[in-house]
Amino acid sequence: MWQQLYEEIRGTGTMVVAIAEESRGAEHARQWIEHAKAEYWCLIDTDHRVADLYGMVNVPQSVWIDERGRIVRPPETTGSTDHFRRMDLKTRTMAPEDQAARNAARAAYLDAVKAWATTGKHALPADAARRRLPANTPQIAEAHAHFRLGVWLRAQGRAAEADRHLGEASRLHPDSWNMWRQAADLEEVGKASGPVFWQRVQALGAKPYYPPPDFTPV
């Protein structure tokens, strides 16, 4: 979908930058990038530094940055919804109405990006954008430090030490699905979308996994 969006807005001078948070390295992200046949920029962030800098906690999330380098929309869910939580886990399929609702949300998000690129609509004033920036507490900063150390230890083959730091990262920053899912994937490929993942999702209760973006005018 990003290639189609890019084709529609590149005449405005807007660039799409896709960043794969993949601690296992570039080769693990390559197939997805090549499959997308992307003409926009694709980067690979093995240390999740972008998530740290911008306060991202899940994927997909996007940040809108204007031509002056100013954040006009802080991280927010990019066209995904919680309809997947009603998925049939045996067939991995969604009900038609849920799939339709999810597609509609994705289309609405892409329309918002196009409106911003062409007219400036949906860009937040500086004070409103600042208020929506995610919290960056000492605890969260420590969580990122544990996460990076855990990833490094994994790369050195020191799994037990790595898991201890990766677990501490998730304990300190429980809202970061990025950290938890990456740690699960490093431990065992597929675990990040397996039964433990679904148990964590269901434990959210009424709390959303994908908080919807708020395009209410301010």
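This is a short tour of the predicted model above, stop by stop, with what to select and what you will find there.

Two housekeeping notes. Residues are numbered from 1 along each chain as its sequence is written, and side-chain values use heavy atoms, with hydrogens and water left out. Since the model is predicted, local features need pLDDT of at least 70 and side-chain atom pairs count only at pLDDT 80 or more, while totals for chains, interfaces and linings use all residues.

**Stop 1: the whole chain**

Start with a cartoon of everything. You should see nine helices and four strands (DSSP runs, numbered from the N terminus: helices are H or I with at least four residues, strands are E with at least two). Followed along the sequence, the pattern reads α-β-α-β-α-β-β-α-α-α-α-α-α. The radius of gyration is 18 Å, close to the 17 Å that the globule rule gives for 218 residues, so the protein chain is as compact as a globular protein of that length. (The radius is taken over C-alpha atoms, and the rule is 2.2 Å times the number of residues to the power 0.38.) The C-alpha trace spans about 50 × 40 × 35 Å along its principal axes. Colour by accessibility and 38% of the 218 residues come out buried; buried means under 20% relative accessible area, exposed over 50%, and partly exposed in between, with a 1.4 Å probe and protein chains only.

**Stop 2: the aromatic cluster**

Now select Phe84, Trp177, Trp180, Phe197, Trp198, Tyr209 and Tyr210, which ring pairs link into a cluster. Rings of Phe, Tyr and Trp (its six-membered ring) pair if their centres lie within 6.5 Å; planes under 30 degrees apart count as stacked, over 60 as edge-to-face and the rest as tilted. By this rule the count comes to 14 aromatic pairs.

Zoom in on Phe197 and Tyr209: their ring centres are 5.8 Å apart and the planes stand at 85°, so this pair is edge-to-face. Phe197 is in helix H9 (residues 195-202) and Tyr209 in the segment after H9, so the pair ties together parts twelve residues apart in sequence. Both Phe197 and Tyr209 are buried. Tyr209 also pairs with Tyr210, with centres 4.7 Å apart and planes at 80°, so that contact is edge-to-face too. Tyr209 has a relative accessible area of 3%, and Tyr210 is buried as well, at 11%.

Before leaving, add Arg181, which lies over the face of Phe197 at 4.9 Å from the ring centre. (A charge sits over a ring if NZ of Lys or CZ of Arg is within 6 Å of the ring centre and within 35 degrees of the ring normal.)

**Stop 3: Pro211**

Pro211 also lies in the segment after H9. Pro211 is partly exposed, with a relative accessible area of 41%. Show Ser80 as well: the C-alpha atoms of Pro211 and Ser80 are separated by 8.9 Å, although the two are 131 residues apart along the chain.

**Stop 4: Arg73 and its partners**

Go to Arg73, which is buried at 2% relative accessibility. Its charged end sits over the ring of Trp64, 5.4 Å from the centre. The side chain of Arg73 also meets Glu76 in a salt bridge, at 2.7 Å from N to O (a side-chain nitrogen of Lys or Arg within 4 Å of a carboxyl oxygen of Asp or Glu). Glu76 counts as buried, at 10%.

**Stop 5: more salt bridges**

The structure holds 21 salt bridges. Pick Asp52 and Arg148, whose side chains meet at 3.1 Å, N to O. This pair links distant parts of the chain, with Asp52 in helix H3 (residues 49-54) and Arg148 in helix H6 (residues 138-155), 96 residues apart. Asp52 is partly exposed at 21%, and so is Arg148 at 23%.

Next, try Arg68 and Asp66, where the closest N and O atoms of the salt bridge are 3.2 Å apart. Arg68 is exposed, at 66%, whereas Asp66 is buried, at 10%.

**Stop 6: a nonpolar patch**

Finish on the surface with Met15, Val17, Ile19, Trp41 and Leu43, which make a nonpolar patch of about 450 Å². Patch residues have over 30% relative accessible area and no salt bridge, with nonpolar side chains (Val, Leu, Ile, Met, Phe, Trp, Tyr) joined within 5 Å and like charges within 9 Å; areas come from the Shrake-Rupley method with a 1.4 Å probe. Strands E1 (17-20) and E2 (41-44) each supply at least two of the patch residues. Click on Ile19 in strand E1: at 36% relative accessibility, Ile19 counts as partly exposed.
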